[in-house]
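Before turning to individual residues, it helps to have the overall fold in view. The paragraphs below go from the chain as a whole to its strands, its largest pocket, one residue in a helix, and its salt bridges.

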Amino acid sequence: MQLVDSTIASLRRIASELRPRTLDDLGLVAALESQAQEFESRTGIHCDISLPQESLEIDAGTSTAIFRIFQESLTNVARHAQATLVGARLEKNNDRLIFHVFDNGVGFDPAKAGAKKSLGIVGMQERALMLNGELKIESAAGQGTALTLTIPPMRSIR
């Protein structure tokens, strides 16, 4: 019975990670808040998130891509950054969506990471391209890392 219960719990966790119910039920803002809280409780790294108060009408593909990019950036922070703080901000600017994620960690050389073809970074870049968006990653040793995703109006908001 314990093995069955454990398997069911694992399947629910995996399914939630693939497409969180919060994303469908409550939208992107709630899903990002939930992910930030879960990350903070799991890692002990403070996660400060700033999200729009007004309702955003974002299609399912765009909201999933933004969520996945956030999830991957948090994974990278937990694995590599040695950070004590992560910040994230989602904003609408002239009908563009702009999503910033930054940390106060050790930083890295983005050129070297690009040469290694880091799957996490490549995955984030591919998601941005699927949205006709742009993903910029800025970092330097000892300076932390900043990621900016910009999604053009035709895709981001309906």
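Two residues are taken to be in contact when heavy atoms of theirs lie within 4.5 Å. With contact understood in that way, among the contacts that join residues at least 6 apart in sequence, 65% are between residues at least 24 apart. The model under discussion is a predicted one, and its protein has 158 residues, of which 39% count as buried. The protein holds 7 helices and 5 strands, and, read from the N terminus on, its elements follow the order α-α-α-β-α-β-β-α-α-β-β-α.

A good place to begin is strand S3, which covers residues 96-103 and is mostly covered, with 6 of its 8 residues buried. Strand S3 is joined by 8 bridges to strand S2 (residues 85-93), and the two strands run antiparallel; within this pairing, Gly87 has Phe102 of S3 as its bridge partner. Strands S2 and S3 form a hairpin with 2 residues between the strands, and there Asn94 adopts a positive phi near 50°. Strand S3 is also joined to S5, by 7 bridges and again in an antiparallel arrangement, and Val101 is found opposite Leu147 in S5.

Strands S3 and S5 come up again in the largest pocket, where S3, S5 (145-151), H4, helix H5 (110-116) and helix H6 (119-130) each contribute at least two residues to the lining. The space in this pocket amounts to about 540 Å³, and of the 25 residues that line the pocket, Asn76, His80, Phe108, Ile121 and Thr145 are the closest to its centre. Helix H4 provides the largest share of the lining, with 7 residues. By residue class, the lining is made up of 12 nonpolar, 7 polar and 6 charged residues.

Helix H4, which comprises residues 60-81, also contains Val77. Is this residue buried or exposed? Val77 counts as buried because its relative accessibility is 5%, and the cut-off for that class is under 20%. Neighbours within four places in sequence aside, Val77 makes contact with Phe39, Ile45, Gln82, Ala83, Val86 and Asp103. Val106 lies 29 residues away from Val77 along the chain, and the C-alpha atoms of these two residues are 9.7 Å apart.

The last topic is charge pairing. Side chains of opposite charge can pair when their charged atoms come close, and the structure holds 2 salt bridges. In one of these, Glu38 pairs with Arg42, with 3.0 Å between the closest N and O atoms. Why are Glu38 and Arg42 separated by about one helical turn? Both residues belong to helix H3 (residues 28-43), and they are 4 residues apart in that helix, so the separation comes to about one helical turn. Glu38 has 36% relative accessibility and therefore counts as partly exposed.

The other salt bridge links Glu91 with Arg89, whose closest N and O atoms are 3.4 Å apart. Glu91 is partly exposed, given its relative accessible area of 25%, and Arg89 also counts as partly exposed, at 30% relative accessibility.

Key: Residues numbered from 1 in each chain as written. Predicted model: local features only at pLDDT ≥ 70, side-chain atom pairs only at ≥ 80, totals over all residues. Heavy atoms only, no water. Buried < 20%, exposed > 50% of the residue type's maximum accessible area, 1.4 Å probe, protein only. 1 Å grid on protein atoms, 1.4 Å probe; cavity = no way out; pocket = protein on both sides within 12 Å on 5 of 7 lines; lining within 4 Å. Points joined across faces, edges and corners; volume = space filled by probe spheres on them. Nonpolar A, V, L, I, M, F, W, Y, C, P; charged D, E, K, R; others polar. Salt bridge = Lys/Arg side-chain N within 4 Å of Asp/Glu carboxyl O. Pairing = 2+ DSSP bridges.
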